[in-house]
Amino acid sequence: MDYKEMYEAWLANPYFDDATKEELKSIAGDEQEIKERFYMDLEFGTAGLRGVIGAGTNRMNIYTVRKATQGLANYIISQNAQSKGVAIAYDSRRMSPEFADEAACCLAANGIKAYVFESLRPTPELSFAVRELGCVSGINVTASHNPPEYNGYKVYWEDGAQITPPHDKGIMDQVKAVTDYATVKTMDKAQAIEAGLYESIGQKIDDRYMEELKKNVLHPEAIKEVAKDLTIVYTPLHGTGNLPVRRILKELGFERVFVVPEQELPDGEFPTVSYPNPEAEEAFQLALKLAKEKDADLVLATDPDADRLGVYVKDSKSQDYICLTGNMSGSFLAEYEIGQKKAIEGKLPEDGELIKTIVTTNMVDKLAEYYGIKVTECLTGFKWIGREILRMENTGKGQYLFGFEESYGCLIGTHARDKDAIVASMALCEAAAFYKAQGKTIWDGMLEMYEKYGYFKDDVIAITHKGIEGLAKIKSIMDTLRQNPPMKFGAYDVIKTRDYDQDIVKDIKTGETCGTGIPKSNVLYFELTEDAWLCVRPSGTEPKIKIYFGVVGSSLEDANAKSAALAEDVKALLAKM
């Protein structure tokens with residue numbers, strides 16, 4: 001059935017409601033829009049679903065959510081795990097509560113109990129709840145930091161991490177096998193509650209989550225010493241972070257926490273920003289304005305589902321607020337957490353590990369070498385870090401010390417198996433207190449790291465290619481780089497290439513090859529001279545191709561100049577493809 005036939009089938013099928021049909025009738029004369037909505041099913045990938053909200057097979061709506069949930073239910077039943085139940089959370093986006101209930105009612109109709117948060121909660125708390133409740137799976141309705149027209153559906157397994165092999169493929173296959181929307185099971189919410197298959201959860205999980213976060217505090221005495229003097233500005237960017245971030249900081253004793261009033265309340269339209277992403281400079285405009293008014297030491301922003309944390313810190317010398325990239329804040333927290341644990345306990349575990357993704361800064365390799373711990377690399381996406389924690393638990397070998405990825409995501413402790421901006425906010429505020437008690441700032445601590453390990457500068461270029469043509473363009477770029485890999489990027493020669501899809505690492509000088517040791521993924525990595533590197537991959541959640549790269553300089557200025565030059569050379573190269 002082609003996209004036109006599918007469009008007509010939705011209009012004719014009594015299964016689809018009147019509101020859906022009216023929306024579809026409104027695009028009757030728009031051939032391109034019909035094609036975009038129906039040329040394919042919204043793909044259920046390893047990260048679940050993510051797409052524009054609307055009617056159609058290639059859109060986020062109650063029918064695509066039900067279809068995905070039926071596939072998940074079928075897989076759970078195939079694993080004989082239906083008695084364990086599924087935890088469900090959602091964020092502040094449009095249709096998030098509705099999608100959460102649709103998923104719950106579909107599970108209930110399949111005899112699987114759903115534990116549904118009564119109101120919006122952050123992603124890491126959903127990860128925590130899966131394990132706390134002994135569930136086999138979890139669903140989080142969120143599109144993270146995507147624009148307002150998007151929503152999404154993330155699936156977790158019983159270890160609390162997003163799905164990885166073999167469960168990801170098993171679930172994807174079951175979702176694809178659901179070809180007739182009308183065969184998807186559902187039931188009335190009231191009936192599900194009466195049958196004991198729908199349970200609202202909230203405060204008890206909140207309280208246990210907070211208890212676990214507090215176990216990671218290293219220097220409560222420093223907080224007590226400067227609690228009246230340390231000033232923090234925070235924005236939840238209209239998302240889920242407001243209540244948990246404020247609660248944890250208050251309970252730890254921080255007194256001067258100011259929340260950006262215009263961005264405090266949940267709002268799926270994100271009216272103060274075009275893109276609710278803490279990586280974007282725009283997201284901090286209101287927070288920085290408030291920070292200057294309050295003379296804040298630290299400025300924090302969590303994304304809508306509060307798994308990622310953006311940070312600005314004050315330089316006491318220039319009085320400027322400096323943005324810490326995800327690599328910078330992650331490296332700083334790794335240094336603080338690991339360094340202070342060693343200082344407090346006298347030593348670190350002999351089998352201690354720091355987990356990072358393949359596109360994360362190499363500064364932490366130097367950090368790990370300094371502290372005598374192992375660095376384990378994994379694919380992009382925090383679920384792979386979660387998988388490494390599971391590996392340590394299952395084998396009894398290795399002790400998790402810290403894990404992070406470049407996109408503002410880290411995990412302190414093992415209470416969750418996804419990145420956690422709530423615990424990161426707590427830790428950064430604690431670190432700010434620790435340094436302030438010594439008459440220093442976080443920026444002073446960052447400069448000490450550069451002097452200790454080298455002036456590493458890492459960045460990412462994201463190029464958007466939307467629609468059907470965009471997908472083809474992204475594929476073409478990846479094919480070109482794979483088939484005819486460049487031997488030089490800017491001023492740097494290629495030393496080794498890593499093709500994670502083909503599982504090949506090649507030494508350019510000797511021609512020798514070996515495996516990557518990491519699961520296959522459509523990622524190309526180039527090791528360059530002078531400790532530089534570059535990596536290219538399609539985004540798994542947005543219509544973008546991403547180019548990650550890193551350089552090392554003799555100073556901040558030198559590193560910035562080298563990074564800017566490499567960025568321009570790479571953009572020029574890709575423009576020719």
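Reader: Which residues line the second largest cavity?

Author: In this predicted model, the lining consists of L481, F489, L534, V536, I547, V570, L573 and L574.

Reader: What makes this space a cavity?

Author: A cavity is a set of points where a 1.4 Å probe fits but cannot get out. The second largest cavity has a volume of about 30 Å³. The search of the whole structure counted cavities of 30 Å³ or more, and found 2.

Reader: How many residues of its lining are nonpolar, polar and charged?

Author: The lining has 8 nonpolar residues, no polar ones and no charged ones. Leu, Phe, Val and Ile count as nonpolar, so L481, F489, L534, V536, I547, V570, L573 and L574 belong to that class.

Reader: Which element gives the most to this lining?

Author: Helix 19 does, with 3 residues. Strand 22 and helix 19 each supply at least two.

Reader: What span is expected of helix 19, and what does it reach?

Author: Helix 19 covers residues 556-575, 20 in number. The expected span is 1.5 Å times one less than the number of residues. That gives 28 Å here, and the helix reaches 29 Å from its first C-alpha to its last, close to the expected value.

Reader: Which residues of helix 19 are called buried?

Author: A559, S563, L566, A567, V570 and L574 are. Buried means under 20% relative accessible area, so each of these six names falls under that cut-off.

Reader: Why are they said to lie on the same side of helix 19?

Author: They cover an arc of only 110° around the axis, which puts them on the same side of the helix. An α-helix has 3.6 residues a turn, so residues three or four places apart point the same way.

Reader: Which exposed residues does the face turned away carry?

Author: That face of helix 19 carries E557 and A575. Exposed means over 50% relative accessible area.

Reader: What covers the buried residues of helix 19?

Author: The cover includes helix 18 (467-483) and strands 16 (455-464), 17 (488-489), 18 (492-499), 22 (533-538) and 23 (544-553).

Reader: What volume does the largest cavity have, and which element gives the most to its lining?

Author: Its volume is about 70 Å³. Helix 13 gives the most to the lining, with 4 residues. Strand 10, helix 13, strand 15 and helix 16 each supply at least two.

Reader: How does its lining divide by class, and which residue makes the charged count 1?

Author: There are 7 nonpolar, 4 polar and 1 charged residues. Glu counts as charged, so E405 is the charged one in this lining. Gly counts as polar, so G326, G330 and G409 fall among the polar residues.

Methods. Residues are numbered from 1 along each chain as its sequence is written. This is a predicted model: local features need pLDDT of at least 70, side-chain atom pairs count only at pLDDT 80 or more; totals for chains, interfaces and linings use all residues. Side-chain values use heavy atoms; hydrogens and water are left out. Buried means under 20% relative accessible area, exposed over 50%, partly exposed in between (1.4 Å probe, protein chains only). The arc is that of the directions from the helix axis to the C-beta atoms. Contact means heavy atoms within 4.5 Å. On a 1 Å grid over the protein atoms alone, a cavity is a set of points where a 1.4 Å probe fits but cannot get out, and a pocket is an open set with protein on both sides within 12 Å along at least five of seven lines; lining residues have an atom within 4 Å of a point. Grid points are joined across faces, edges and corners, and a volume is the space filled by probe spheres set on the points.
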